Amino acid sequence: MTMLEMRIEIWYRIPKQNEKLKKYIEKKFYKNENMRWSMGKEEEKYTKDASMPSDLKYLNRKRILQMIRNEQVVSVNDISEATRISRPTIKRAIQSFEEKGLLVSVGKGSSTNTGGKRPELYTFCCEKVILCIYLEKKYIHFAILNMKNECIREKEVLFNYEDTFEKFQHILRHNIYLILQEAETSYEDLYGISLAIGGFVDRKLGIVRFCALAPEWGRNIPIKAWLEELFPKQVIVVENLVRIAGGSLLLEEKYRSKRIVAIYTEEGISACYIDGEVLTGRNALIGEIGHMTIDYSDKEVCSCGSRGCFERMVSEDRIKEKLKENPKKLPCSTMKQWIESDELIRHLFEEADKGDELAKEIVSYVAEMFSLILKNIAINFDPEIIVVQGKYAYAGEYFESELKEARKKAGFFPEETASKLYYDMRPLRELQRFGGYHELAEMFFENPQFYEGTTLE
Ligand SMILES: [Zn+2]
């Protein structure tokens with residue numbers, strides 16, 4: 001059914017007396033035909049006393065299942081309190097989920113304070129698993145997750161990306177079978193595979209236009225088609241790793257339906273643009289903020305051919321260079337012990353917070369560079385929230401206060417409505433895992449069959 005057909009369908013199913021809901025839906029669907037339909041506060045308000053069309057039943061059931069998935073155990077009361085959906089509706093939904101094998105009763109909980117009946121408790125259950133693969137420098141990372149987003153098995157396999165693509169295919173295939181075996185999962189129970197790759201990835205076609213870790217593999221690698229041949233029954237997603245990590249934010253309620261830019265900082269810097277869903281752009285170029293020009297007179301030429309790209313201006317090499325710039329300063333600075341550290345950036349923030357003068361000087365410079373990129377992002381996308389992930393997420397108090405000052409210089413931005421800045425210090429691997437889960441679980445739980453009536457209806 002197309003969105004237009006669905007709109008007409010819903011239109012005729014809503015009872016006449018509920019004009020407000022009709023108007024609301026009409027407005028929303030005309031505004032954006034591609035909008036994913038989710039039950040928000042506003043819809044809920046209008047639907048409370050309306051007789052329930054089946055699309056709303058679908059949305060209610062989806063919310064109920066979502067809550068059961070998020071909790072260890074829940075009772076009908078718990079769900080009713082959290083969702084404000086009526087108890088009979090919840091009971092019918094639970095019965096239906098039980099029949100479909102999506103939840104089981106785990107016995108009775110303790111009685112309520114008022115001494116009422118002991119409530120029956122339920123927990124989500126599902127045999128299906130998801131495999132998330134993430135290509136990182138020197139490694140291929142594998143993780144098997146269940147449908148509750150719990151990691152069952154995880155492993156990293158050393159890989160030299162200077163090896164051929166054929167060798168990579170061999171290692172990947174071998175280790176997929178191996179990890180399924182180790183996790184004691186059957187091939188049938190594998191719902192899907194998500195593969196996160198750095199570089200230009202055309203998600204729709206499943207083609208890697210350019211692999212950042214292995215430029216030697218050439219252009220336009222049809223990696224999804226190859227995986228689909230190996231796993232014809234599974235859902236396969238091949239996507240850029242920055243967009244996978246950014247998508248992990250959508251697992252959290254506070255980020256859904258927000259305009260977000262997630263800045264991913266690893267070797268290079270890139271960003272994931274989110275507007276209710278992760279945006280992919282036409283050429284998968286969207287969010288390549290690392291190559292925004294910050295200083296065209298800079299001496300270093302970036303791999304993209306330009307000068308003064310943001311990621312070059314704040315790269316680890318640039319910071320090292322700046323630390324060594326004045327030979328008198330480094331020997332007197334606490335930074336001298338960290339100059340060769342793998343976590344140079346994190347130490348730089350820490351030492352600046354402790355008051356080291358050289359560290360402070362360089363953190364001020366980095367803050368100024370960030371203020372410029374934030375300004376460019378604001379002009380170009382105007383997000384509500386900006387989330388920094390990866391090594392720059394360790395930014396400390398000194399960085400934050402310097403950034404605040406630097407942002408003030410861009411005078412025409414009203415401070416009170418400027419994008420909120422969050423620092424997500426979770427390891428990138430974890431974000432990749434969550435993002436891969438988000439991708440596939442979204443599709444899995446879209447299945448309308450899960451939300452159809454019970455045998456009694
Ligand atoms: Zn560049």
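**A zinc site and its surroundings in a predicted model**

Good morning. The protein chain has 15 helices and 13 strands; helices (H or I, at least four residues) and strands (E, at least two) are DSSP runs, numbered from the N terminus. This is a predicted model, in which local features need pLDDT of at least 70 and side-chain atom pairs count only at pLDDT 80 or more, while totals for chains, interfaces and linings use all residues. Residues are numbered from 1 along each chain as its sequence is written, and side-chain values use heavy atoms, with hydrogens and water left out.

Let me begin with the chain as a whole. Of its 457 residues, 48% are buried; buried means under 20% relative accessible area, exposed over 50%, and partly exposed in between, with a 1.4 Å probe and protein chains only. The accessible surface comes to about 23700 Å², and carbon and sulfur atoms account for 49% of that surface. These areas come from the Shrake-Rupley method with a 1.4 Å probe, and for residues only the protein chains shown count as cover. If we take contacts between residues at least 6 apart in sequence, 60% of them join residues at least 24 apart, where contact means heavy atoms within 4.5 Å.

I turn now to the metal. Which residues are the protein donors of the zinc ion? They are His291 through ND1, and Cys302, Cys304 and Cys309 through SG, at 2.0 to 2.3 Å from the ion. Donors are N, O and S atoms within 2.8 Å of the metal (3.2 Å for Na, K and Ca); water is not among the atoms, so sites may look incomplete. The angles among the four donor atoms run from 102 to 124 degrees, and the site is tetrahedral. Four donors count as tetrahedral if all angles lie between 85 and 135 degrees. For reference, the ideal angle for four tetrahedral donors is 109.5 degrees.

In sequence, the donor residues follow the spacing H-x10-C-x1-C-x4-C. Histidine 291 and cysteine 302, 11 residues apart, are both placed in the loop between strand 11 (269-275) and helix 10 (310-313). Are these two donors buried or exposed? Histidine 291 is partly exposed, at a relative accessible area of 27%, whereas cysteine 302 is buried, at 5%.

Two further residues belong to this part of the chain. Arginine 312 is located in helix 10 and is buried, with a relative accessible area of 17%. Leaving out residues up to four places away in sequence, arginine 312 touches Glu300, the zinc donor Cys302, Asp317 and Arg318. The C-alpha atoms of arginine 312 and glutamate 300 are 7.7 Å apart, although 12 residues separate the two along the chain. Aspartate 298 lies in the loop between strand 11 and helix 10, and its 8% relative accessibility makes it buried. Beyond its neighbours within four places in sequence, aspartate 298 contacts Arg307, Gly308, Met313 and Arg318.

Next, the aromatic residues. The structure contains 24 aromatic pairs. Rings of Phe, Tyr and Trp (its six-membered ring) pair if their centres lie within 6.5 Å; planes under 30 degrees apart count as stacked, over 60 as edge-to-face and the rest as tilted. One pair is tyrosine 161 with tryptophan 217: the ring centres are 6.1 Å apart and the planes meet at 45 degrees, so the pair is tilted. These partners are 56 residues apart in sequence and link distant parts of the chain. Both are buried, tyrosine 161 at 6% and tryptophan 217 at 12% relative accessibility. Elsewhere, one aromatic cluster is formed by Tyr58, Phe97, Phe124, Tyr191, Phe444, Phe445, Phe450 and Tyr451.

Charges also sit over rings. The charged end of arginine 259 is over the ring of phenylalanine 381, at 4.0 Å from its centre, and lysine 254 lies over the face of tyrosine 422, 5.8 Å from the ring centre. The criterion is that NZ of Lys or CZ of Arg is within 6 Å of the ring centre and within 35 degrees of the ring normal.

Finally, helix 12, residues 344-354. Its buried residues are Leu344, Ile345, His347, Leu348, Phe349, Glu351 and Ala352. Their cover includes helix 11 (316-324), helix 13 (357-380) and helix 14 (397-409). After helix 12 comes glycine 355, with a positive phi near 105 degrees.

Thank you for your attention.

Terms used. Tetrahedral: all angles 85-135°; square planar, octahedral: opposite > 155°, others 65-115°.
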